[in-house]
Amino acid sequence: MAFISTQFVIFLAVVTVVHFLLPVRARWIWLLAASLFFYGLAEPIFLVQILAATGLSFWLGQRIEAAPDKKAKQKIMALGVVLLTANLVVFKYTPFLNETLRSILGMAHVEYPVPELQWLLPIGISFYTFQLISYLVDIFRGQQKAEREFGAFALYVTFFPKLVAGPIERAKNLLPQIHAHPAFDRTQAMLGLQLILWGVFKKVFVADRIAPFVNAIYDNPDAANGVQIAFATWLYAFQLYCDFSGYTDIALGIGLIFGYRLTQNFNRPYFATSIQDFWKRWHISLTSWLTDYIFTPITRQKTFKIKLFNLMLYAMFITFVVSGLWHGAAWTYVVWGALHGGYIVVSLLLQKRWNNFARTVKLVDRPNLYRALKITVTFSLVCFAYIFFRAPTMEDALHMVGSLGTGWGDFKANLLSVVGANRNEFFLALIGIAVVMGAEVLQGRINMREAINSRPVWMRWSLYYVGTLAVVLLGAFYGSQIAFIYFRF
């Protein structure tokens, strides 16, 4: 059931009304039932799978806590992590591993008898797997108590607003809220509705309107030159951001209506001044997870005697490769993750030299110019990596990178060719981008939510009506719904 659909609006309205008509202590049961219905509606067989993973983690969490010593706890925790990871690998990565092995053996002229494997990918499996792994590891580390109520734990895993594409919630954040049985809060509910409207605007007014321009280039990369590829990639950066952050705003808004505060996942990422800063602002729940469960354990290992700084560099690179693999079972995602890891490693190695250079040319004496330069360089590096993130195949990505130097002799004509005859739609897309980025500029100076809520009633509701009309009348529906990009992960 798509978030942006009549069916979901009806579903959410019914769930909300019934939820607040029920006694406070019975509401979590209704939310759990609604969440299971929401997930099972897409693919009922996978409902069995997510419940099995949930039940296994619930049971193992209690076994870890009851184990007599650290070694026993570690064995149980490791078993849980292996089983959850195996479940993810089998369903998400087996076809990818199979085709990789076929390619390797093919280069060695060895016959590979296993046919191509194709099966359905369970919705949200990457998100709930990471969530369950963090739960088990946190119990082992003594940072989380094992949950005793299976129903509450099942709601923590399957809560429908965040189930399909996050945020990746930690047990210590969401479980206490579930046990608190939150009552209706009008202020929170209004804030939730504001977030939902803002998220829908980002999705249908901006992201979905940009999509056709990006698809025209990336679906036929052999016919594109460097100007067209660079421009389409620049547009894709805003499509992806408005699509994913729009989903997150909707998820957070729905959570607030029911009284739950989910994890903030974005903080003006395209105003980052370095790649490190970018990852503190982009998909924050994933960055936090990778830091706590991949990067930190590697840096604390004592098997290999390596200088701490070098170990941190290795750990950083490995962490981002894992991030790439988490996003998708394809070499394009691996390269995308490796590029970001490489960016950070190189920046750390050259940091002293760059700082000396900035002082020599007196950039540090012009902080606004210096900040603008760093933001521009960071955004450009992020966009370059997006070529691999968006390209259908590795061959297409390499071809597009190799073509970046072409077409600049006739810059204007090639730029306009991306827009084509859809100039009105493109103009609206630019307006949407300007509105989103303008709001983020203001957010960096004032608290936008407080500023809106402090306005007179007539002014607030005028803003709501304008936003709703912009979505309904000017939304880029194009006769069909474009799925959220992160639903595939």
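**Exercise 1. Sort the lining residues of the largest cavity into nonpolar, polar and charged.**

Step 1. Start with the tally: the lining of the largest cavity has five nonpolar residues, two polar ones and one charged one. (Ala, Val, Leu, Ile, Met, Phe, Trp, Tyr, Cys and Pro are nonpolar, Asp, Glu, Lys and Arg charged, the others, Gly included, polar.)

Before going on: you're looking at a predicted model, where local features need pLDDT of at least 70 and side-chain atom pairs 80 or more, while totals for chains, interfaces and linings use all residues. Residues count from 1 along each chain as its sequence is written, and side-chain values use heavy atoms, with hydrogens and water left out.

Step 2. Now put names to the tally: the lining is made of H19, V24, R27, W28, H181, P182, F258 and Y260. (A cavity is a set of 1 Å grid points where a 1.4 Å probe fits but can't get out; lining residues have an atom within 4 Å of a point.)

Step 3. Add the volume, which is about 50 Å³ for this largest cavity. (That's the space filled by probe spheres on the points, joined across faces, edges and corners.)

**Exercise 2. Describe the second largest cavity and find which helix gives the largest share of its lining.**

Step 1. Count first: there are two cavities of 30 Å³ or more. The second largest has a volume of about 40 Å³.

Step 2. Look around its wall, where you'll meet P269, Y270, A272, F278, I375, T378, F379 and V382. By class, that's seven nonpolar, one polar and no charged.

Step 3. Helix α16, residues 367-390, supplies the largest share, four residues. (Helices are DSSP runs of H or I, at least four residues, numbered from the N terminus.)

**Exercise 3. Work out how α16 packs against α17.**

Step 1. Recall that two packed helices are described by the angle between their axes and the distance between the axes.

Step 2. For α16 and helix α17 (residues 394-402), the angle is about 145° and the axes are 8 Å apart. (Axes are fitted to C-alpha atoms over the stretch in contact; angles between N-to-C directions run from 0 to 180 degrees.)

Step 3. Find the touching residues: α16 brings F384, I387 and F388, and α17 brings M394, A397, L398, M400 and V401. (Contact means heavy atoms within 4.5 Å.) This contact has eight nonpolar residues, with no polar and no charged ones.

**Exercise 4. Explain why C242 and C383 don't form a disulfide.**

Step 1. Searching the whole structure turns up zero disulfides. (You'd need two cysteine sulfur atoms within 2.5 Å.)

Step 2. The sulfur of C383 has its closest cysteine sulfur in C242, and they're 13 Å apart, so that's too far for a bond.

Step 3. Check exposure too: C242 is buried at 1% relative accessible area, and C383 is buried at 9%. (Buried is under 20%, exposed over 50%, partly exposed in between, with a 1.4 Å probe and protein chains only.)

**Exercise 5. Place H181 and H283, and say whether each is buried or exposed.**

Step 1. H181 has a positive phi near 50° without being a glycine. You'll find H181 in the loop between α8 (171-179) and α9 (186-218), and at 18% relative accessibility H181 is buried.

Step 2. H283, also not a glycine, has a positive phi of about 45°. H283 sits in the loop between α11 (275-281) and α12 (284-299), and its relative accessible area is 0%, so H283 is buried.

How values were computed:
On a 1 Å grid over the protein atoms alone, a cavity is a set of points where a 1.4 Å probe fits but cannot get out, and a pocket is an open set with protein on both sides within 12 Å along at least five of seven lines; lining residues have an atom within 4 Å of a point. Helices (H or I, at least four residues) and strands (E, at least two) are DSSP runs, numbered from the N terminus.
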